[in-house]
Amino acid sequence: MTELHPDLRENVRMLGELLGQSIQRQPGRECYELIEEIRAAAKSDRRQESGSGQRLVNLLGKLRDDELLPVTRAFNQFLNLANLAEQYHGIRRKRDHESDLMVEPLAGVFDRLKNSGVSAEILHKCVTDLRVEFVLTAHPTEVARRTLIMKYDEMSECLASLDHDDLLPAEREAITERLSRLVAEAWHTDEIRHERPTAVDEAKWGFAVIENSLWQALPRFLGNLDKSLQEATGKGLPLQAVPVRIASWMGGDRDGNPNVTHEVTRKVFLLGRWMAADLFLRDIQSLRAELSMWQAGDELRAVAGDSREPYRHVLAELRDRLIKTRDWAEASINGEPADTAGILFENDDLTAPLELCYRSLVECGLEYIAKGALLDTIRRAHTFGLPLIRLDIRQEATRHAEAVAEMVDYLGLGDYLSWPEAERQAFLVRELQGRRPLVPRNWEPSAQVREVLDTCEVVAQQTPEALGSYVISMASKPSDVLSVILLLRESGMKFPMRVVPLFETLDDLRGAPESMAALYQVDWYRDYCKGQQEVMIGYSDSSKDAGQLMAAWAQYQAQERLTQVAGEYGVHLTLFHGRGGTVGRGGGPANRAILSQPPGSVNGSFRITEQGEMIRFKFGLPQLAVQSLTLYTSAVIEATLAPPPEPEDNWRETMDWLTSRSLKAYREVVRDNPDFVPYFRQVTPEQALGKLALGSRPARRKASGGVESLRAIPWIFAWTQMRLMLPSWLGSDVALEDAANEGRLPVLREMMQGWPFFRTYVDMLEMVLAKADLRIAGYYEKTLLDDDRLRELGISLGKRLEGCVQRLLELKEQSELLEGEPVFAHSMRVRNPYTDPLHYLQAELLKRDRESEGKGEVPELVERALKVTMAGISAGMRNTG
């Protein structure tokens with residue numbers, strides 16, 4: 001059995017001890033002793049073969065109301081500290097072996113590609129033309145409060161300081177004392193958000209990730225990329241290359257979120273400019289201290305005149321303009337009169353003086369100095385720019401159609417919504433080709449349409465660097481895309497913005513290639529998009545709609561066909577992957593996911609959403625962010641230059657055979673079984689999730705309705721909390737059972753060997769089955785279900801889960817799950833004694849919560865403890881939705 005790395009084990013032990021000391025400092029030692037007794041019972045129950053959990057249940061059953069909160073908080077806090085220790089271990093500086101590194105260095109990837117026959121020229125071109133874009137989304141899955149996240153970040157810094165071997169005893173003692181104090185502060189801080197964050201709060205959180213981590217990480221990563229590229233090809237990264245971009249949905253995603261208005265979007269654009277001006281101002285002040293040289297080229301002299309310190313002269317002007325820009329943005333945010341004279345607005349205003357200083361230093365033989373802090377700031381200026389982040393806009397297709405319909409109706413041209421697609425297209429193209437405004441100034445649209453037009457107006461006022469993509473959900477026809485372009489143009493848009501259809505249900509995915517072919521057939525549109533198109537694939541809703549196996553195959557086939565169709569029309573396609581953190585929402589190890597995409601679909605460009613808690617796990621600390629940027633970038637380069645082979649025809653037929661069975665089996669339960677929705681509502685904490693103030697978005701698209709109206713995140717969150725993990729395996733159980741019964745396992749093993757897509761799917765299934773726990777799920781059923789039919793459904797699902805595990809082990813020829821992932825398996829075992837009490841308590845608290853609601857009022861202690869169990873289980877499972 002693989003144990004945790006000794007250094008990691010020591011950090012987990014130390015943090016646990018410090019937490020214990022914080023708890024013991026409270027009046028009365030009983031609380032600490034009680035928590036220790038519960039932890040020992042959980043460990044003992046796990047060690048027993050039967051694993052009934054009875055000793056733990058008996059102990060928890062005796063808790064008084066006033067003991068519920070401290071107990072749940074203690075286990076929640078330990079799980080967060082364990083996560084922190086694991087996260088830090090991934091980036092720690094003391095390594096026994098180079099092979100211990102969590103991410104393969106870029107140099108190793110480049111060497112492997114060159115050894116496989118990729119020329120230096122092709123490698124260099126691929127890297128310099130690369131376009132990897134991370135889109136930070138505010139999906140409500142970040143449970144931890146920002147206040148605590150900041151404390152955890154400082155704890156990581158303390159662990160890093162303690163890693164130094166040359167500390168004096170007094171220095172080590174001071175660091176340990178600071179760490180102890182931080183743990184105590186965290187213990188005495190309320191871990192639950194009581195107010196929902198607004199859309200603007202979410203955007204500020206996104207900006208904070210840039211300020212605290214990516215601002216340092218990005219130039220460091222690009223420096224590594226430049227050096228590795230220079231060593232591999234003899235040429236480095238061009239000064240203006242932007243291989244990585246950061247975009248955001250926070251404050252721009254209005255699909256199903258009435259809280260995101262045009263005013264919110266306008267404010268977020270301005271906040272980004274304020275934050276960028278402030279960050280660049282710090283950079284420029286630091287550069288002025290560094291660039292004290294007097295030697296300068298003629299070009300710089302022409303600007304600086306006879307100044308003795310020409311670099312400082314140019315940078316002082318830039319500093320003054322940044323101050324004006326920051327003041328203008330602040331006044332605009334507050335709705336005060338704002339002076340635009342002398343502000344920086346176009347990105348060239350920022351990059352030009354910096355590059356002038358760079359060229360001058362190089363010309364004077366001071367390239368070594370130029371490639372220091374100045375180059376870092378230039379890299380930031382090209383990547384983040386004056387807007388700081390590229391904001392995506394997302395809206396539903398029907399909202400745009402309604403806006404065009406009102407215009408058409410006002411002009412007396414007919415009923416747009418009843419027109420066939422060909423007539424809509426002809427009208428839209430005619431208007432787009434014309435130059436006159438479509439709508440007179442005095443037109444008064446409905447409030448809903450006015451909001452759409454006001455949003456388009458806010459977007460039209462931005463520079464290209466401030467904008468990501470305009471994503472249209474529920475898009476299925478060319479008119480859905482053309483109507484957005486017309487609305488933007490009517491609002492004063494002066495340049496083409498990327499307009500991106502989103503395909504997410506099973507039917508959407510199947511129809512996507514035909515929809516895009518119809519769009520490419522519009523001559524006017526092909527001129528507009530200039531041979532570049534982005535298409536978004538939604539992972540969450542397709543999984544909820546069709547089950548994980550069917551959804552994964554439909555996504556693969558859609559990407560394959562979309563790539564082929566784009567190629568037929570001479571269009572370069574970028575696929576935008578709307579993935580969540582969990583397997584049920586398309587999550588999993590990023591590099592393996594990228595390397596298992598259909599061949600040709602990752603063609604030097606890749607766009608992906610990063611959400612909620614996954615942003616913190618991947619980008620929360622500068623060194624973590626460097627690792628994540630390296631991991632994604634190297635995978636995109638490798639998938640572009642050395643794509644996986646095409647799957648064999650009989651593998652495709654086998655996938656069709658498997659998914660026809662998995663889809664039927666999944667929908668028979670989720671859609672057709674009348675007991676399923678009541679079972680889901682009663683056995684999971686789905687209806688209590690609304691109590692957690694996780695995000696600005698409502699959990700449901702409609703106030704009432706079944707599973708189909710529920711957003712994908714709470715759907716996954718609910719099943720994860722009670723450990724049935726149903727969305728990730730339901731349907732696969734029947735497909736694997738039928739495959740075993742019909743002697744198809746040898747073909748499946750062949751597919752695992754030769755097809756990265758299938759191998760990744762099977763490995764992700766194994767990971768999620770390892771997180772499932774029937775003993776815990778059974779306790780929720782026993783505690784929360786009082787209908788025999790619902791209990792029978794639970795028993796049947798439990799047997800199917802057991803069968804799925806057995807068939808997976810048979811397929812992989814293993815005796816237990818995670819044989820190939822011993823570190824992950826051990827990490828789960830370490831967490832179990834801390835998550836188990838939270839699960840048992842949550843089931844009991846849900847019961848009390850529902851009983852109290854029936855009487856009209858829920859005791860505050862019960863509600864708070866329930867929220868803490870949800871946060872703690874999320875921490876223990878390392879994801880929510």
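Me: How many aromatic pairs does the structure hold?
Reply: This is a predicted model, and it holds 29 aromatic pairs.

Me: What makes the pair of Phe676 and Trp719 stacked?
Reply: Check the angle between the ring planes: under 30 degrees counts as stacked. Here the planes of Phe676 and Trp719 are at 25 degrees, with the ring centres 6.0 Å apart, so the pair is stacked. The two rings come from distant parts of the chain, 43 residues apart: Phe676 is in helix 28 and Trp719 in helix 29.

Me: Are Phe676 and Trp719 buried or exposed?
Reply: Buried means under 20% relative accessible area. Phe676 has 0%, so call it buried, and Trp719 is buried too, at 0%.

Me: What about Tyr779 and Tyr840, stacked or edge-to-face?
Reply: An angle over 60 degrees counts as edge-to-face. Tyr779 and Tyr840 have 85 degrees between their planes and 4.8 Å from centre to centre, and that pair is edge-to-face. Tyr779 lies in helix 34 and Tyr840 in helix 36, so the pair ties together parts 61 residues apart in sequence.

Me: Which ring does the charged end of Arg273 sit over?
Reply: That's the ring of Phe345, with the charged end of Arg273 4.1 Å from its centre. Arg744 lies over the face of Trp657, at 4.0 Å from the ring centre.

Me: How do helix 32 and helix 33 pack?
Reply: For helices, look at the angle between the axes: 65 to 115 degrees counts as roughly perpendicular. Helix 32 and helix 33 pack at about 105 degrees, with their axes 6 Å apart, so they're roughly perpendicular to each other. Among the residues making the contact are Leu748 of helix 32 and Phe758 of helix 33.

Note on methods: Residues numbered from 1 in each chain as written. Predicted model: local features only at pLDDT ≥ 70, side-chain atom pairs only at ≥ 80, totals over all residues. Heavy atoms only, no water. Axes fitted to C-alpha atoms, helices over the stretch in contact; angles between N-to-C directions. Helix = DSSP H or I, 4+ residues; strand = E, 2+ residues; numbered from the N terminus. Parallel < 35°, antiparallel > 145°, perpendicular 65-115°, else oblique. Contact = heavy atoms within 4.5 Å. Phe/Tyr/Trp six-rings, centres within 6.5 Å; stacked < 30°, edge-to-face > 60°. Buried < 20%, exposed > 50% of the residue type's maximum accessible area, 1.4 Å probe, protein only. Lys NZ or Arg CZ within 6 Å of the ring centre and 35° of its normal.
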